[in-house]
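Student: Can we go through this model and check what stands behind each label?
Tutor: Sure, ask away.

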Amino acid sequence: MTDGTIIDHRDGVAVYGNYIGGAWIAAASGETTENRNPSNPDELIGHFASSGAEDVAAAVGAAENAFAGWAGTSAIARANILYHASEILASRIPEVGRELAREEGKTLKEGIGETTRAVAILRYFAGEVQQPIGEQYSSMNPSTLLFTLREPLGVCGIITPWNFPIAIPAWKIVPALAFGNTVVFKPASLTPLCAVYLTQALAEAGLPPGVLNLVTGSGQAVGDPLVADDRVVAVSFTGSDVVGNEMKKIAGGRGAKVQLELGGKNPAIVLADADLDHAVTQVINGAMMSSGQKCTATSRAIVDRRVASELADRLGASISALKVGDPLRDSTQIGPLISAEAADRVVGEIDTARQAGVALAAGGGRPEGLNGHFVNPTLFIDVKSDSRLGQEELFGPVLAVIPVDDVDEAISVANSVRFGLSASLFTRDIARALSFIQKIQAGIVHVNSETAGAEPHVPFGGYKGSSSYSREQGKASREFYTQVKTVYFDPPPSSGS
Ligand code: UN1
């Protein structure tokens, strides 16, 4: 049900606009880009506005004009709109979940799960704005009332990836709005339909014109001018480290606040005393769900040598049994990769590793008889930590087993990469678990559960090259989306005399 967001039809296929200043409108150039189903590229999902600098300037202008009014609205009134949006989106979960699976390629169950998560995020921040927004301190002067306030920043540029096309936009946009900022939202060019659904729910819920603006198009044509615009005082980005670091230079260089969520090369350490059945299930979920296309995905299983071959056998058997196919079918466990380029790249990485002599224990290549961008879930064993497979994020359904002698070597291997987003340990040993929590260089640490997953009310973000120190979600989002004002309030000299 995207009525109202569709500005035209072409051969029976919907043409979607940008949402600027409260209206769904075509890109200034009039141009559009096709959005196709990665499971079946013959299926056209829609035509989406192919925007550029002119559209970005209009959207930033609308957001700038709307800022004073929105920042001046009571937090409770803002919360009511967010809560209403959560109800609208909740009523559409089956539809949006299905369209997410069709547009992005994750399974229907995951698509519904992700849409449900976006609803939970809306609900969470509708409540979060009712929490305290400042602190009171004692002053050196007994008559001074000394306190802090948190105030919104202004226009925020939100640039989101395709792999969580509704949850990540929600967890960036909703807190920005909740704390009184206005937003220009540039979604991944491969998943604009989910962005339309989220924007539509917020617009229908009563967001005033200009408070949230959606501009679709490529990173170069839309992202670049957005990041460079002096009126955009904060930029939040999730995506590749190459793009993120470039963005930091440009936005950071002109003094904007920048928040980056970049890659991961997340380890699951399995010690000899672990429950191996549980470890196998969790490691496979972490590595293979969403075809491994999560920055929190498990891409390294670092395993105590004493159980490495048994674990590898079990992983290999379970990975080979995973059902790859149409994400909309109930029996499917693994959908396609997002695009032909992504599938070619991952298959290329698998071939390179095989040619280098790394032992393949399951998968490799593409499944037969499927038309989309599918890659077989793949397991390599006896992988060297300093190899490409041991160091680089592949962003596909590929897991590398790295055998180690003990927990100390496991942690040192785990820490040997440039990323530090999430990490898991499987053990029954409390002392080793505590030592792992202290020594692992990761922003999200799991003991006896998979590396992926994020609850909306706790901080999310990584160490080292995975983030830019700032955290997202929960109370951490208040840090990013507000600034602190310290107030020294003294009575006028005459009072009380
Ligand atoms: C999750 O693990 O459920 O882009 C969320 C990503 C992360 C989000 C992961 N920023 O994959």
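**Labels and their cut-offs**

Tutor: Let's start with helix 9, residues 276-288: its 13 residues reach 18 Å from the first C-alpha to the last, close to the 18 Å expected at 1.5 Å a residue. Keep in mind that this is a predicted model, where local features need pLDDT of at least 70 and side-chain atom pairs 80 or more, while totals for chains, interfaces and linings use all residues. Residues are numbered from 1 along each chain as its sequence is written, and side-chain values use heavy atoms, with hydrogens and water left out.

Student: What makes 276-288 a helix, and where does the expected 18 Å come from?
Tutor: Helices are DSSP runs of H or I with at least four residues, strands are runs of E with at least two, and both are numbered from the N terminus. The expected span is 1.5 Å times one less than the number of residues.

Student: Which residues of helix 9 are buried, and what covers them?
Tutor: Among the buried ones are Leu276, Val280, Ile284 and Met288. Their helix's cover, counted by contact (heavy atoms within 4.5 Å), includes strand 14 (266-270), helix 10 (305-321) and strand 18 (398-404).

Student: What happens just past the end of helix 9?
Tutor: Ser290 follows helix 9, with a positive phi near 55°.

Student: Why is Gln473 called buried?
Tutor: Buried means under 20% relative accessible area, exposed over 50%, and partly exposed in between, with a 1.4 Å probe and protein chains only. Gln473 is at 0%, so it counts as buried. Gln473 is found in the loop between strand 22 (463-464) and helix 15 (476-481), and its phi is positive, near 65°.

Student: And why is Asp11 labelled exposed?
Tutor: Asp11 has a relative accessible area of 81%, so it is exposed. Asp11 lies in the loop between strand 1 (6-10) and strand 2 (13-16).

Student: What is notable about the phi of Asp11?
Tutor: Asp11 is not a glycine, yet has a positive phi of about 50°. Most residues other than glycine have a negative phi.

Student: Why is Leu434 only "partly exposed"?
Tutor: Its relative accessible area is 49%, so Leu434 is partly exposed. Leu434 is found in helix 14, and with Ile430, Ile437, Val445 and Val447 makes a nonpolar surface patch of about 420 Å².

Student: Which element gives the largest share of that patch?
Tutor: Helix 14 does, with three residues. Helix 14 (430-439) and strand 21 (444-447) each supply at least two.

Definitions and conventions: Patches are made of residues with over 30% relative accessible area and no salt bridge: like charges are joined within 9 Å, nonpolar side chains (Val, Leu, Ile, Met, Phe, Trp, Tyr) within 5 Å. Accessible areas come from the Shrake-Rupley method with a 1.4 Å probe; for residues, only the protein chains shown count as cover. A salt bridge is a side-chain nitrogen of Lys or Arg within 4 Å of a carboxyl oxygen of Asp or Glu.
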